Amino acid sequence: MGGKFLFDGQPVPFEEGQTILQAARAAGHYIPHLCWHPDFPPHGSCKLCIVKVGGRHVSSCALPARDGMEVESNTPEINGERRALLQMLFVEGNHFCPSCEKSGNCQLQALAYELDMSSARFAHFYPDRPVDASHPDVLLDFNRCIFCELCVRASRDVDHKGVFALTGRGIRKHLVVNAESGRLADTDFAVGDRAADICPVGVILHKRVGFALPIGERKYDEASISTVAMEKGE
Amino acid sequence: MQDAERIAAQAVEHHRREPSQLLQILIETQDGIGHLPPASLTRIADLLDLPRSRVEGVAGFYSFLHMEPVGRYRILFSDNIIDRMLGSRGLMESLCRLLEVAPGEVSADGAVSVDTTSCTGMGDQGPAILVNGLAVTRLDEARVERIASLVRAGTPLADWPADYLHVDDNIRRRGALLGEDFVPGAALQAAMARGRQGWLEEVRISGLRGRGGAGFTTAVKWMACRDAPGADKVVVCNADEGEPGTFKDRVLLASQAERIFEGMTLAAWATGARQGLLYLRGEYRYLLKHLRAVLALRRAAGLLGARILGEGGFDFDIDIHLGAGAYVCGEETALLESLEGKRGTPRIRPPFPVTHGYLGRPTVVNNVETLAKTTLIAVQGGAAFAATGTPQSTGTKLLSISGDCAYPGVYEYPFGVTIEHVLEDCGAHDPQVVQVGGASGVTIAGHEFHRRIAFEDVPTAGAFMVFDGRRDPFEMARNFVHFFAHESCGFCTPCRVGTALLKGYMDKLASGKGAKMDLADIEWLDRLLKNASHCGLGSSAPNPVIDTLIKFRPAYERRLVSLDFKPAFDLDAALETARRMTGRDDPAAHLDWREEV
């Protein structure tokens, strides 16, 4: 049984089983997200998609829409909280946008622009995260990992390889690959895997194409992430 | 290394190559080797036909699993604020000095490592440690010296003085649950005589609510599970009592195991479940033998197994799973993940466990005390149970009382008892603060001592920590913030990063570098954690800070050095490496040297 809910005052129809985020997108409303991907079930870890329903914060990617709900999303309050979550992701890892090959194609960077993040606010953690350049075709730069687990999910559920997994806990959580050596080269990872093209930030990088398209002419240089998401369905 | 692979393979076979047993397999493998070397993980993954990365993911999640070598004696000091107030920090320093080992490291000969761990549930008899997973209580300088010599001599734990490994129940006040004798099977007979529906009706009339903290109505949970599609239902007992300052479930497991298992069987009678699982926190591992013996007795008595008490179609049995040091697994969906042999990450809800629980099956998850209480309802009837307590909080509540009081231990009170009444009973002189419900609970100041322990006033899972006038509420809150940062599973951004940031701010204040802006940032983080976290761990992590900031703000403000901003970063200290590299330490190699000269 579908119905209608109010999204920032606008009526949004939904079908049974649709989440708030799915229904809002279908109706042309963008909700920021990082760990959510249209091809995968909701994960709910990044919390960028938080909205307020009846005064309560919920993850819009995971909560099924219900008839008559009143959803607040694009408000100064919620966007302020989203900005703080982005700041947390920035200080937790090592993100140097000007020298990053993902610059302009990075969803974290694009969302920071979208939500007017002008400083990191919090103290940086500067974690020590060595890169893995062992694989002939792909470089892993763990400094930029935001733990969305899209690579974990893609490799497990689409590629059926289980190349990636998270280990550790809390702030020490980190990505590992499926090899006793800990090296990507010793896994069955291939450049054609779904997991090779799923990273929203700059962890999984294809070698030899880093700057084929110059910074300034890239996806989110041309249009904001909300425009790209809504017009291209990405 | 071949030995490691052999031990790992044995553990896998022992658990019938069942991937859902992965955590149990890892614990058993580590028992045999001392830690989990890379080859053991590879072997386990091969035999279970799992990606190695997944096995490594699980091994890295739990505090008591080690992928690097640890000492043959692994000594962990319980680091709750109560243990600290009893002197744990000084005792740890003494032990480290005697054993010539730095905290967090392994001694050069590999004999011993000393570190801290989250509250081990011995607040009434601390300071407490775990030695190779087993509890040693009531530490003092004499015991520390003796332990150092036992370790140096390589004396096996089994040959240590028996009283070192003795854990007291310290039951100080008995109500209906702790006061009455229990005949195993009596509650089951009474419930079975009423029929499944009649029994559920009694539970409904009793008004019983979950004793694990959330206070959900037990009968509603049981009915939802009974009515959920799927024939293979499960009853889970949550014995992952990790809330700092709580130990009443430990006492129930030690003294009332029959009631707990009978309560699980009563839940099975109500819901039609055939499988039961008890998730025992790793810190209570010393109880495992006792609990297994009680299960064996119950099987022999026809109270578990096929055709319980001769009733055709009533088949139910119970397994015990061990945790391995992860507070978050007390959250019911994280607990289910852990039971399935995974990382203890809380699930997205809905769906709820009553419809999609253990391995996707309809599952009832109840706290130890809740299940034990159901035996009272079966024997006395629901109305008699509801006659004590308050209308919204029926029956009694066990409190774990520790801290600045003469008689720490477990107290059973009818719900509705006032905090001042409890303080008087436990011999608290000059109480200043009571932390009710543990680190995630409520900070109660003196002017609130008239408040009542009840779901509708001050709810609690059972912790009751008393702090007198000598104590500093800021240090209490800082200890709890460290705890949450350590125990965050790391799944969601606000909790993973927010608890670590909060810890940084509290440490900055403690080191005397705080400024007013830091208080504003702390309050902002509190709000983000509350609003945006994925589960109760994150949303309750800021509670002690929020409460103490409101009720004891001067404890924060007297730590501020400046009204605007002061960096945590010490620029001159950062030049130390450069000074060492250049061999300089003259005044000109320091910042602000002109003023100093």
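Colleague: Before we turn to single residues, what does buried mean here, and what is the relative accessible area of B:T394?

Modeller: A residue counts as buried when its relative accessible area is under 20%, taken with a 1.4 Å probe and protein chains only. In this predicted model, B:T394 sits in the loop between α17 (382–386) and β10 (396–403) of chain B. B:T394 falls in the buried class, because its relative accessible area is 5%.

Colleague: Which residue has its backbone oxygen 3.3 Å from a polar atom of the side chain of B:T394?

Modeller: Leaving aside neighbours within four places in sequence, the contacts of B:T394 include B:S206, B:L208 and B:R211, together with B:F385, B:A386, B:T388 and B:F415. A further contact of B:T394 is the residue you ask about, and the backbone oxygen that lies 3.3 Å from a polar atom of the threonine side chain belongs to B:G207.

Colleague: Is B:F182 buried or exposed?

Modeller: B:F182 belongs to the loop between α8 (176–179) and α9 (186–193) of chain B. Not counting residues up to four places away in sequence, B:F182 touches B:A187, B:E258, B:R259, B:E262 and B:T375. Since the relative accessible area of B:F182 is 17% and the limit is under 20%, B:F182 is buried.

Colleague: Why is helix α3 (residues 38–48) of chain B described as largely enclosed, and which helices do its buried residues pack against?

Modeller: The helix is largely enclosed by the rest of the structure because eight of its eleven residues are buried. Those buried residues are B:A39, B:S40, B:L41, B:T42, B:I44, B:A45, B:L47 and B:L48. The helices of chain B against which they pack are α1 (2–14), α2 (22–33) and α4 (52–59).

Colleague: Which residue just after α3(B) takes a positive phi?

Modeller: The helix itself covers residues 38–48 of chain B, and the place to look is therefore just past its end, as the numbering of the helix implies. There, with a positive phi of about 60 degrees, is B:D49.

Colleague: Which helix gives the most to the largest nonpolar core?

Modeller: The largest nonpolar core has 197 residues, and those with the most contacts inside it are A:F164 and B:L278. With nine residues, the helix that gives the most to this core is α13 (residues 257–271) of chain B.

Colleague: How many residues are in the second, separate core?

Modeller: Among the members of this second core are B:I75, B:L95, B:V101 and B:V131. The core is separate from the largest one, and its size is 23 residues.

Definitions and conventions
Residues numbered from 1 in each chain as written. Chains lettered and ligands numbered in written order. Predicted model: local features only at pLDDT ≥ 70, side-chain atom pairs only at ≥ 80, totals over all residues. Heavy atoms only, no water. Helix = DSSP H or I, 4+ residues; strand = E, 2+ residues; numbered from the N terminus. Buried < 20%, exposed > 50% of the residue type's maximum accessible area, 1.4 Å probe, protein only. Contact = heavy atoms within 4.5 Å. Core = buried A, V, L, I, M, F, W, Y, C linked by side-chain atoms within 4.5 Å. Polar contact = N/O pair within 3.5 Å; in protein donor to acceptor, adjacent residues only side chain to side chain.
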